[in-house]
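User: I am new to this structure. Please take a close look at the part where the two chains meet, and then at one residue of your choice.

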Protein chains: 2
Amino acid sequence: MDRANALRALAMDAVEKAASGHPGAPMGLADLGEVLWREVLKHNPASPNWWDRDRLVLSNGHASMWLYGCLYLTGYDLHIDDLINFRQLGSKTAGHPEYGECPGVETTTGPLGQGFANAVGFALAEQMLGREFNTEDHQVIDHRTWVVVGDGCLMEGISHEAASLAGTLKLGKLIALYDDNNISIDGEVGPWFNEDVPARFEAYGWRVIRDVDGQDADAISAGLKLAVVSDGRPTLVCARTTIGYGSPNKAGKASAHGAALGSDEIARTRLALNWGSDPFVVPQNLLDEWCARDRGADLENEWNDRFDAYAQAYPELATELARRMEGKLPSGWNKPIRDFAKLTQAAINSGEKGVAAATRKSSQMCLKPLGEAVPELFGGSADLTGSNLTRWEGAADDRHMSFGVREFAMSAIGNGLVLHGGIRPFSGTFLVFMEYARNAVRLAALMQIPNIFVYTHDSVAVGEDGPTHQPIEQLTNLRTTPGLSTWRPCDTVESAVAWEAAVASKKAPHALIFSRQTTRPQARDEATFAAIARGGYVLVAEHGELGAVIMASGSEVELAVDAAVALTSEGIGVRVVSMPNPGLFLMQDQSYIDQVLPPAMRARVAVEAGHSAYWYRFVGLDGAVVGIDRFGVSAPGDEAMRAMGMTVERVIEAVHSIR
Amino acid sequence: MDRANALRALAMDAVEKAASGHPGAPMGLADLGEVLWREVLKHNPASPNWWDRDRLVLSNGHASMWLYGCLYLTGYDLHIDDLINFRQLGSKTAGHPEYGECPGVETTTGPLGQGFANAVGFALAEQMLGREFNTEDHQVIDHRTWVVVGDGCLMEGISHEAASLAGTLKLGKLIALYDDNNISIDGEVGPWFNEDVPARFEAYGWRVIRDVDGQDADAISAGLKLAVVSDGRPTLVCARTTIGYGSPNKAGKASAHGAALGSDEIARTRLALNWGSDPFVVPQNLLDEWCARDRGADLENEWNDRFDAYAQAYPELATELARRMEGKLPSGWNKPIRDFAKLTQAAINSGEKGVAAATRKSSQMCLKPLGEAVPELFGGSADLTGSNLTRWEGAADDRHMSFGVREFAMSAIGNGLVLHGGIRPFSGTFLVFMEYARNAVRLAALMQIPNIFVYTHDSVAVGEDGPTHQPIEQLTNLRTTPGLSTWRPCDTVESAVAWEAAVASKKAPHALIFSRQTTRPQARDEATFAAIARGGYVLVAEHGELGAVIMASGSEVELAVDAAVALTSEGIGVRVVSMPNPGLFLMQDQSYIDQVLPPAMRARVAVEAGHSAYWYRFVGLDGAVVGIDRFGVSAPGDEAMRAMGMTVERVIEAVHSIR
């Protein structure tokens, strides 16, 4: 109990010091933390990136002080000052756990339920890598994924998607610890959350360990000992806890959830817990008992020996596993995709037939050389495999997954796969249904992890499925997400450049946007071809004096080209700028930007089958945008495009209107 | 069987004619359709807006031909030509059912799972209105909500959120019909969806009627007869069906799901079903058997008598119910909120203390006069009631609901409440978690229904909770959603104007964005006060010659005002434009727009603690935006704002940089 109280006190004192935060859950979870981190978790505080460590995710991320406290007490590179500076500018201990800011934080959590789905991704990565790399006599990938979830996580829809899939996939090394404290922010949960959680998880094919007294270390220890003996199903451990445990007046109440207890109540809690130490002081004997550095070193050393034996017996597998866990791509991985792009460009330039394609098909063509060269590339689709074309020709069964109609879980599981290491996932759905998964895309961008999102059916050209399936505002949404790189290629060659950038990325996640309908391939010379990688470039130079610039992305590039031809015949020197990735274009040096879009040239028109707002930063007050600022219609795709004004005529008119 | 085959044939023939669509589910559901629409559903084809009709939602909206077929066959205002023109431009029969385009379509569906949540909203509205208006001897609100769901709907997370809540709320008149055909787009669902759906729903507190043979009219009839006898729980009827039933080669296969069967297979299906009629021809005897106009007239007449008796006994209740179901606001409803706004403005202008407030608090203050004047106003929060401040002082328990941590279901349930009629909901969460519910906001905008979304904690000023909780790109996302009206008020007075606009709206949904932190109230004369309603207006006029315009929204208006003061003292005539609703401002007549933002004045700066992209349409290539194009930080709110450059100094610098 003293050990748990050390954690409890750190949580309440840090929140009090910050005058902000969530003391209740860490206090309720303190006993579980003590047993889990000291007795059960396979980890080495000195080596937080050890490949075969257990992964632990705190899905109820507001309980961050629980995680920081456990990391500090077990001996991670976290100083007591880091806890004193909880929630302050520049501190390792952000309000919610932020991946990359603090050692031992496996993923950024806070948006509820997503950590749980990340954990499913961790466990899936472990399962996949184990199948690929373990041998009968060598188990070098053999760790568990632990995830702590609160009531809020289990109310969120994503918990359903992820749990249902985890049950189906038999992720036997996944263990969820349910902090069943019966309280959420609005109070006792009965009036809004009275489902039978254990029965629900059993319906998903999980094993459930019920009724563990979460304030009793022995009961917790017994429960976790049961949990680690897998029967092949994922396991849910239901721990009954008291939020704010120890606080005489706030324990078990919503008032312990999201605000400091207050100095008086903290004093009362110290008395009630018989905890005499000052704030942020943990007696040395307890620090010693908590310290997991020796145990961790032993665990990792044991594994190192195991890995050495494996490397002796299977040197190639060991080398390959190391490469993948270190996040290095195979040498020469991008030659095939570059060759494909160059050959395609040559075929286009020579006027060969058969090179026109829907860019979703282009994407699939790119996946073959990439998939063959990069064995960690792993695709999936939210039940639209044949529409997203995320499975490439010849892909083995273990290189692609049907996630079911679960966009959000799929995307968050992808984040977990990337975070685990060893797998480079991409996953597809229709662009408009990105919205179902939206916050997972944001978290990938926030964490700066190179997840890849494939979004097909990119505009009203989707056609008959109608406005529910026709994106309008989604491109802008992606492009305004900090740190996300968004490509909307106009043809197969741009698609190949986009795909290469996505796979090459070490940090930025990528959104790759593809068309349902066939687009016209564009001829390019060598310099133009090379400029695609800058995100925006002069695709067609003006004849004579520059009279106007038309910029476009994706399937609208051909409208821009056709309008330019017509305007050129009128004697206007029109330049066509292809903008497959305007955000990347804006990151180029200013001289390049000014070369493509001369500052003095104000006769600028942007064309895109999506909302116009984003393009005004390129066309300004004197230019025009041919976009779609309303919802689409159900009609064949070409008719829908015409009905929305996406025509060459309208582009020509726009140029006339602003000259 | 002939009756069902009529529906089956219409579905396969319409999809064939359109060469686009989903024949499989309608064919599998044909027998259920026939029993449900003819025997069980309380509806009157001649009167699709009858208040006490049963509501039927096709959550698997891709099966739209099932709905259109049933509507046509039972006698709604739908001509056979409408079916022949399935999925064509301007037709009533869009690819997915579109609310407002076709009589009998209760809600727009297609984005999976949302129709199910809409149905929970319908059933909740019925429950609430029944409790409010029914008397012991008069049941004038007494109808059921039916919702057809497919495997895809049940995989989606929102199905969990909505079902769990429906079980908790004991929505006994909600009946879900599960089209259990074991197929989704990627094939037989086993590898990605093998949960025990009945057990899952029982865990939610639903009654489950299992194993109904969905191809056997007698079994269906027996199942539905059980279903309509409520035991107080919502009911799930599991109907085993065969996708594409009747097609010799495609029945039971994914190939029947989302593409026309093809003329050969259709010929074979005609033979197999012994269906001799030509495409789009239904024999008159079958049309007669399907026709529900007489039955519907009887049902409605019976209810009319019931309502007349009620109106005799309780004339005031009847009048009030009629007002609410007709969507008319009480006369004089907006006087109290206007008075509140005027009094507040007067207090500000006279320099009274205590009028500064966080705009979330302003919002709560507005809710009191609105809530008291508009009894149909009904609030809720996704477990952030005390943070969103969606419950007003004195609100009765039945005027506000805790939805639990279920942003998506809450928003889609709100759509259902609006669609049902009689309730005007608003619901709150943090702005950043709008993303969890994003597609429901889009559907409200697409349907043009006046749902109200309250989003608090609107910027990095959220502070310590850190970047996961700090919106950046969300404002732009909302503002680029066609048909959505988005307000971000700077003080209590602008908040009141925003709230009045939201409640007054007959069609456009509103997003109301409020701050966590205190904002400074702004003085205004009468004309300035009146101009708030235009979405953008001159808050502070320039001294002397106009030298620059600074525009801002929300909490950044005070930065603009302070910068203007400083710049004025430098001799620059700075105008401050407050832009609480830039989309609305853009809808004003051009002369007003040009008056506020003179076209020749290019020294324009926009200030907002959010992504800059949206503002370039106002500042152009020669202006500047002081925005935040990166993720935030965990730190106290004022420090976070400074760290992100949201300072008066930076605004002043920006003005200098562009003059």
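Analyst: A good place to start is a single charged pair: R602(A) forms a salt bridge with D622(B), and their closest N and O atoms are 2.7 Å apart. This comes from a predicted model. The pair belongs to a count of 10 salt bridges between chain A and chain B. Polar contacts add to the picture, with 52 residue pairs counted between the two chains, both residues at pLDDT 80 or more. On the side of chain A that touches chain B, helix 8 (residues 157-169) gives the most, with 7 residues. By class, that side of chain A has 40 nonpolar, 36 polar and 24 charged residues.

As for extent, 100 residues of chain A are in contact with 100 residues of chain B. Between them the chains bury about 8000 Å², and carbon and sulfur atoms account for 55% of it. In chain A, the residues that lose the most area to chain B are Y436(A), R442(A) and L621(A), together 9% of what that side buries.

The residue chosen is in chain B. E556(B) sits in the loop between strand 17 (548-552) and helix 23 (557-569) of that chain. Its relative accessible area is 0%, so E556(B) counts as buried, the cut-off being under 20%. A polar atom of the E556(B) side chain lies 2.9 Å from the backbone nitrogen of A609(B). Leaving aside neighbours within four places in sequence, E556(B) is in contact with A609(B) and also with R488(B), V607(B), E608(B), M641(B) and M646(B).

Notes
Residues numbered from 1 in each chain as written. Chains lettered and ligands numbered in written order. Predicted model: local features only at pLDDT ≥ 70, side-chain atom pairs only at ≥ 80, totals over all residues. Heavy atoms only, no water. Contact = heavy atoms within 4.5 Å. Buried area = accessible area lost by both parts, 1.4 Å probe. Salt bridge = Lys/Arg side-chain N within 4 Å of Asp/Glu carboxyl O. Polar contact = N/O pair within 3.5 Å; in protein donor to acceptor, adjacent residues only side chain to side chain. Helix = DSSP H or I, 4+ residues; strand = E, 2+ residues; numbered from the N terminus. Nonpolar A, V, L, I, M, F, W, Y, C, P; charged D, E, K, R; others polar. Buried < 20%, exposed > 50% of the residue type's maximum accessible area, 1.4 Å probe, protein only.
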